[in-house]
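Got a two-chain complex to go through. Shall we take it piece by piece?

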Amino acid sequence: MSFPWAEKYTPKHPFMRWLDQRLPLPRLAYGAVGGGYPVPRNLNYFWNFGVLAGLALTLQIVTGIILAMHYQAGDATAFNSVEHIMRDVNQGWFLRYAHANGASMFFIVTYIHIFRGLYYGSYKAPREMVWMLGLVIFLLMMATAFMGYVLPWGQMSFWGAKVITGLFGAIPLVGDPIQHWLLGGYAPDQPTLTRFFSLHYLLPFVIAGVIVLHIWALHIPGSGNPTGVDVKSPQDTLPFHPYYTAKDGFGVGIFFIVFALLLFFAPNAFGHPVNYVEANPLSTPAHIVPEWYFWPFYAILRAFTSDFILEAKLWGVLAMFGSILLLFFLPWLDKSPVRSGSYRPTFRIFFWILVADVLVLGYCGGSPAEEPYVMISQIATAYYFIHFLIVLPLLSMFEKTLPLPNSISESVLHGEEAEAAPIGVTTTA
Amino acid sequence: MVRGLGILVGLVFAFVVLWAFGHGAYTYVTNPPEQTAEARYHLPPREEVRFSFDGPLGRFDEQQLQRGFQVYREVCSTCHGLGQVAFRSLRDIGYSEAEVRAIADQWPHQVPSINPDTGEAATRKAIPADHIPGPYANDTMARAANNNALPPDLSLMAKAREGGPHYIYSILTGFRNPPAGYEVPQGLHYNPYFPNLNIAMPPPLTADGQVTYAPGNPRPTVDQMAQDVSAFLMWAAEPNLTTRHAVGLPVLVFLLIATILAYLSYQNIWHGGDRRVRATGALDPENMEKRQQASREAGVTE
């Protein structure tokens, strides 16, 4: 690992020594998530969410594999097979509600994880690759979740698939062929369902692979921390295990409590009632809305209502994809040498405006495409682009930042990091 | 470079979306959208009726479900199917095996089958393993019999509408004369709880005592029957609700204890007395103490 004082793996049991010489898997685990990974001692609870996202993915894979044993991907059978799972499969209702709400939990923790990164400047050098791989994971998650929502073959599944694949139809010249190629036909049908099922099963494992790269890239510079100051000495760090495994254990408990509240007491709170009606190509639902985690982007898509050189629909598609793609350039848009928002007073104000802005976009995206929601989402969309593309570059040129602590330990000594381990706790055994 | 390009792209997107905003705002001011009849007269589902399964600890009331099933069988099933529900699952609302067999056997509609001698299409009496057969063989037949309206299957109705069982109850009790000046299309019925106000279904529950409840049950008023069948349809849509609530509580208690233990273990590891090696140099707690004392004596606050 990157810090010279990182604990080396020393197998104690003869078998482990034997194994270590042939397949150093325990050594890998020890260095990655064990005592051999030194982590800044001042991480707050917002640093729990990476582990929680990994946990959510694992839960989705486990419940999903069992659901796939009972699900039938056919245009005439899919909807009924989901009801079969709900009624006749032992604990089927538990599995399906766990999977559906698990997706919401996955997005909740991932969004908090992303905003953590935005506030503390986790995207800045030397962690640009960590940030960009994270965005790749986010895009893969969105594709996976979208295809998963099509599988129950309810009304919103069908019409959602039609609207979202229709976005590609807005691309000039090649739009229609691309849409037909994605759907395997002119409208969502049997070929759409089977290919979405196949890809919905594949992509989570691709996500798992990119997560390995994400963690690998993270372990080169090591974890960031709330001060944004680099680790300078052994006093600045604690071994991941047992300190952060214990802290993450508490976070996992809270995660499961929220998850259980949803699953057992409000399992359809995040769902749309219309998806309990079987897909019907001849009857369009009154309002077509995607799942809640797409609402901010859906609002951006619908905010472009007037042609301007290009067609309004194409602007909407460009803006929606652009709103995510611009995040890839964030490390070079925001060049402020200070990472943490805690030492950037002006940035901090804009950050909270952005949080409110995304929440407003989400609210508008889930509302019908009527006034005043469209006008509100137009203002909010404008701010979204202004924030990332104009405010952050200008701020990083002109902002007066606060003085940084000399080191993590110093900030802990001064009591700046309430959650940090006291300095008496040490790093070596 | 990236920053310059970014500012340019940001200006373009912001300009185009604000341009659209200007257009929208101009239209909104000069030509405000007219209020539709739906927006004017539509009512949200009546939430004032309480069901035994409301709330985190709610559970189904078997007596009510059986009454609701009776209403479904005698009134709703004339036009509406319940295709996701199998007769065997009626055991879950308190019917005995023999009763379920009798219910299936005497069901007003039969199950599609083939004639074992000729292979031609035929029907047979239902058995407990069958799903409840609907009144029509297909949608075309249903529309032909109902003035081109399609009576939807009710299996999931309590989850497929905003408001669920409250919506069903509101529809059943919501038929009334249209407001003055409001024209109801031919063959439809005014109901302010229905999304477009005009429902094809004629009022199904018209008189108190339309269904005769067994002795010991509440009087079958229209309101009571509407509540009972709404509760029954909630069971049909979500038969595991009682189990789900009953499992959820102990799961939460378990998780709460586990989380408290996890928190204590976290505190113990971070702040417990079992520190294996002390920090050295300036960060040694003793040295820190000395330094702080020196600062205090010198009148400097650290």
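What follows is a short chat about packing, pairing and contacts.

Me: Before we start, which ground rules apply to this predicted model?
Reply: It's a predicted model, so local features need pLDDT of at least 70, side-chain atom pairs count only at pLDDT 80 or more, and totals for chains, interfaces and linings use all residues. Residues are numbered from 1 along each chain as its sequence is written, with chains lettered from A and ligands numbered from 1 in the order in which they are written.

Me: How do helix 11 and helix 15 of chain A sit against each other, roughly parallel or roughly perpendicular?
Reply: Helix 11 (residues 295-303) and helix 15 (residues 373-398) of chain A have axes 9 Å apart and pack at about 105°. Helices here are DSSP runs of H or I, at least four residues, and strands are runs of E, at least two, numbered from the N terminus; axes are lines fitted to C-alpha atoms over the stretch in contact, with angles from 0 to 180 degrees between N-to-C directions. Under 35 degrees counts as roughly parallel, over 145 as roughly antiparallel, 65 to 115 as roughly perpendicular and the rest as oblique. So helix 11 of chain A is roughly perpendicular to helix 15 of chain A.

Me: How do the residues of that contact of helix 11 with helix 15 of chain A divide?
Reply: Contact means C-beta atoms, placed from the backbone, within 7 Å. Helix 11 of chain A brings residues including A:Ile300 and A:Arg302, and helix 15 of chain A brings, among them, A:Gln378 and A:Tyr384. Nonpolar covers Ala, Val, Leu, Ile, Met, Phe, Trp, Tyr, Cys and Pro, charged covers Asp, Glu, Lys and Arg, and the others, Gly among them, are polar. The split is six nonpolar, three polar and one charged.

Me: Which residue stands opposite B:Pro112?
Reply: Strand 2 (residues 111-114) and strand 3 (residues 121-124) of chain B run antiparallel, joined by four bridges; pairing takes at least two DSSP bridges. Their hairpin has six residues between the strands, with B:Gly119 at a positive phi near 80°. Opposite B:Pro112, in strand 3 of chain B, is B:Thr123.

Me: Which element gives the largest share of the side of chain A that touches chain B?
Reply: In total, 57 residues of chain A are in contact with 54 of chain B. The chain A side divides into 39 nonpolar, 13 polar and five charged. The largest share, 13 residues, comes from helix 10 of chain A.

Methods. Contact = placed C-beta atoms within 7 Å.
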